[in-house]
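Work through these short exercises with the model open. Try each task before reading its solution.

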Amino acid sequence: MNEEPTTAAIQRYLDALPGDAAAEPIVRELLERAVSRLRLLCATFLHRSYPRLTHPPLNLETDDLLGGVVAGLLTAMQSVRPRTVRQFFALATQHMRWQLNDLARRLDQKPAAMALAETGVVAPPPSSASGLTPEARRILAAIEELPEDEREVFDLVRIQGLTYVETAGVVGTSVKTVQRRLNRARLHLAAQLSDFRPSGTGEGAEQPGEPSGDSTAP
């Protein structure tokens, strides 16, 4: 049996969305169809960009984040109608970032006594428990300040782990354009975070596991 590709199925549901409250059943079907892709993106985002949230006291798991993202999308899509797959995943990514940043901020503010309703875990006393360091927050802020096209490509490739080909399909452009936008984003981040790389190492915006085929490679 030939199963409809996820991207095509998502676009079909988006095309079918009415402009009123009757959209909720279609939104639920859309999220059920997209859940595998959303789970992959949540796992990549959590473990690559927010690994400290997976440790005590929070012990955040991929499915915890996924559940929050799906609930957020159900609410958001009562009033927001993404028209393309690109817009849908941009909305989902924004909700992932909001939730992860909020959890990190709450841990920083109340590291000793916060009851974590999402998992039922209560944070122990050590004050060293923190979701994100000031340096990590600065990196995320620099990413947020990128031009929209560059930020989108950077999120898809470097944070969510999509290949250049997959990113081109989501964005609706060529692989070469994806590479150009990614390179511009990296140059911008390198300039903004130059003090993080005194020895020219790959800290800051650079992360391990960079996709092959980079147009800057020799």
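**Exercise 1.** Find how helices α7 and α8 are oriented to each other, and which residues make the contact.

*Solution.* This is a predicted model. Start with the axes. Those of α7 (residues 164-171) and α8 (residues 175-192) come within 8 Å and cross at roughly 100 degrees. Angles from 65 to 115 degrees count as roughly perpendicular. α7 and α8 are therefore roughly perpendicular to each other. Next, list the contact. α7 supplies Tyr164, Val165, Thr167, Ala168 and Val171. α8 supplies Val175, Val178, Gln179, Arg181 and Leu182. Last, sort these residues by type: seven are nonpolar, two polar and one charged.

**Exercise 2.** Trace the salt bridges of Asp149, and say which parts of the chain each one ties together.

*Solution.* Take Arg86 to begin with. Its side chain meets that of Asp149 in a salt bridge, 3.2 Å from N to O. Arg86 lies in helix α4 (residues 85-109) and Asp149 in helix α6, so this pair ties together parts 63 residues apart in sequence. Now take Arg181. The closest N and O atoms of Asp149 and Arg181 are 3.9 Å apart, and the two form a salt bridge. Arg181 belongs to helix α8, so the pair ties together parts 32 residues apart in sequence. Then widen the view. Salt bridges with shared partners join Arg86, Asp149, Glu152 and Arg181 into one network. Finally, check the cover. Arg86 is partly exposed at 25% relative accessibility. Asp149 is partly exposed too, at 32%. Arg181, at 14%, counts as buried.

**Exercise 3.** Decide whether helix α6 is mostly covered or mostly open.

*Solution.* Count along residues 148-159. Nine of the twelve residues of α6 are buried, which leaves the helix mostly covered. Among the buried ones are Val153, Phe154, Leu156, Val157 and Ile159. Charged residues appear there as well, including Glu150, Glu152, Asp155 and Arg158. Now step past the end of the helix. Just after α6, Gly161 takes a positive phi of about 80 degrees.

**Exercise 4.** Explain how Glu24 and Arg28 are placed to pair.

*Solution.* Locate both in helix α2 (residues 24-49), four residues apart, about one turn of the helix. An α-helix has 3.6 residues a turn, so residues three or four places apart point the same way. Glu24 and Arg28 form a salt bridge, with the closest N and O atoms 3.1 Å apart. Glu24 is partly exposed, at 38% relative accessible area. Arg28 is partly exposed, at 42%.

Terms used. Residues numbered from 1 in each chain as written. Predicted model: local features only at pLDDT ≥ 70, side-chain atom pairs only at ≥ 80, totals over all residues. Heavy atoms only, no water. Axes fitted to C-alpha atoms, helices over the stretch in contact; angles between N-to-C directions. Helix = DSSP H or I, 4+ residues; strand = E, 2+ residues; numbered from the N terminus. Parallel < 35°, antiparallel > 145°, perpendicular 65-115°, else oblique. Contact = heavy atoms within 4.5 Å. Buried < 20%, exposed > 50% of the residue type's maximum accessible area, 1.4 Å probe, protein only. Salt bridge = Lys/Arg side-chain N within 4 Å of Asp/Glu carboxyl O.
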